[in-house]
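Here are a few notes to read with the model open beside you. They go from the aromatic rings to a helix pair and then to the cavity.

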Amino acid sequence: MTSIVEYMTDQHRCCDDSFADAEAAVSAQNWGEAGQQWDKFSRDLETHLTNEEENLFPKFEQESGIYNGPTAVMRMEHQQMREMVKSMTKALQAQSVDDYLGLSETLMILMQQHNMKEEQMLYPMTQQYLTDSAAVISSLNDL
């Protein structure tokens, strides 16, 4: 059986892969491939963030009674990531390699720090409070 920690971490890796593929395509100025990979990354990231905000976090908050703790911080960081994605989409549409790659570096650092907090702190806490991993995972959309 897959744990919540494993399942959600796998979603992070899926997003990381398409993010890296988009960055490589932009670096090569392969705009068609860059657009496809960016679309995949954007969809996967939004699915993941929505799964957390609408499914995982509310379940954790309800079971733990912790409403203004780590999930509040994660939601704030999700909004920051969404804003970066919007800016990067504009840079991609303008075919601006420098703007895209500069923003990409910032988003990558933000995502790495965010994912580390979730994987090392929030997901294990969630697993502790939500012991039926199979039920929780079935409520989430696969990437």
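**Notes on the rings, a helix pair and the cavity**

1. Start with the aromatic cluster: Phe19, Trp38, Phe41 and Tyr100 are joined into one by ring pairs. Keep in mind throughout that this is a predicted model. Searching the whole structure turns up four aromatic pairs.

2. Take tryptophan 38 and phenylalanine 41 as one pair to look at. Their ring centres are 5.1 Å apart and the planes meet at 40°, so this pair counts as tilted. Both sit in helix α2 (residues 31–64), and because they are three residues apart there, about one helical turn separates them.

3. Are these two side chains buried or exposed? Tryptophan 38 has 1% relative accessibility, and since the cut-off for buried is under 20%, it counts as buried. Phenylalanine 41 is buried as well, with a relative accessible area of 0%.

4. Now follow tryptophan 38 to its partner tyrosine 100. This aromatic pair is edge-to-face, with 5.6 Å from centre to centre and 80° between the planes. It ties together distant parts of the chain: tryptophan 38 belongs to helix α2 and tyrosine 100 to helix α4, 62 residues apart. Tyrosine 100 is buried too, at a relative accessible area of 0%.

5. How do helix α1 and helix α4 run relative to each other? The axes of α1 (residues 4–27) and α4 (residues 97–129) come within 10 Å and cross at roughly 175°. Angles over 145 degrees count as roughly antiparallel, and α1 and α4 are therefore roughly antiparallel to each other. As for what makes up their contact, the residues divide into 14 nonpolar, seven polar and five charged.

6. On to the empty space inside. The count comes to one cavity of 30 Å³ or more, and the largest cavity has a volume of about 60 Å³.

7. Which residues lie nearest the centre of the largest cavity? They are His12, Cys15, Leu45, His48 and Asn115, out of 13 residues that line it. The elements giving two or more residues to that lining are α1, α2, α3 (70–93) and α4.

8. A last look at the lining of the largest cavity, this time by class: five residues are nonpolar, five are polar and three are charged.

Key:
Residues are numbered from 1 along each chain as its sequence is written. This is a predicted model: local features need pLDDT of at least 70, side-chain atom pairs count only at pLDDT 80 or more; totals for chains, interfaces and linings use all residues. Side-chain values use heavy atoms; hydrogens and water are left out. Axes are lines fitted to C-alpha atoms, for helices over the stretch in contact, and angles run from 0 to 180 degrees between N-to-C directions. Helices (H or I, at least four residues) and strands (E, at least two) are DSSP runs, numbered from the N terminus. Angles under 35 degrees count as roughly parallel, over 145 as roughly antiparallel, 65 to 115 as roughly perpendicular and the rest as oblique. Ala, Val, Leu, Ile, Met, Phe, Trp, Tyr, Cys and Pro count as nonpolar, Asp, Glu, Lys and Arg as charged, and the others, Gly among them, as polar. Rings of Phe, Tyr and Trp (its six-membered ring) pair if their centres lie within 6.5 Å; planes under 30 degrees apart count as stacked, over 60 as edge-to-face and the rest as tilted. Buried means under 20% relative accessible area, exposed over 50%, partly exposed in between (1.4 Å probe, protein chains only). On a 1 Å grid over the protein atoms alone, a cavity is a set of points where a 1.4 Å probe fits but cannot get out, and a pocket is an open set with protein on both sides within 12 Å along at least five of seven lines; lining residues have an atom within 4 Å of a point. Grid points are joined across faces, edges and corners, and a volume is the space filled by probe spheres set on the points.
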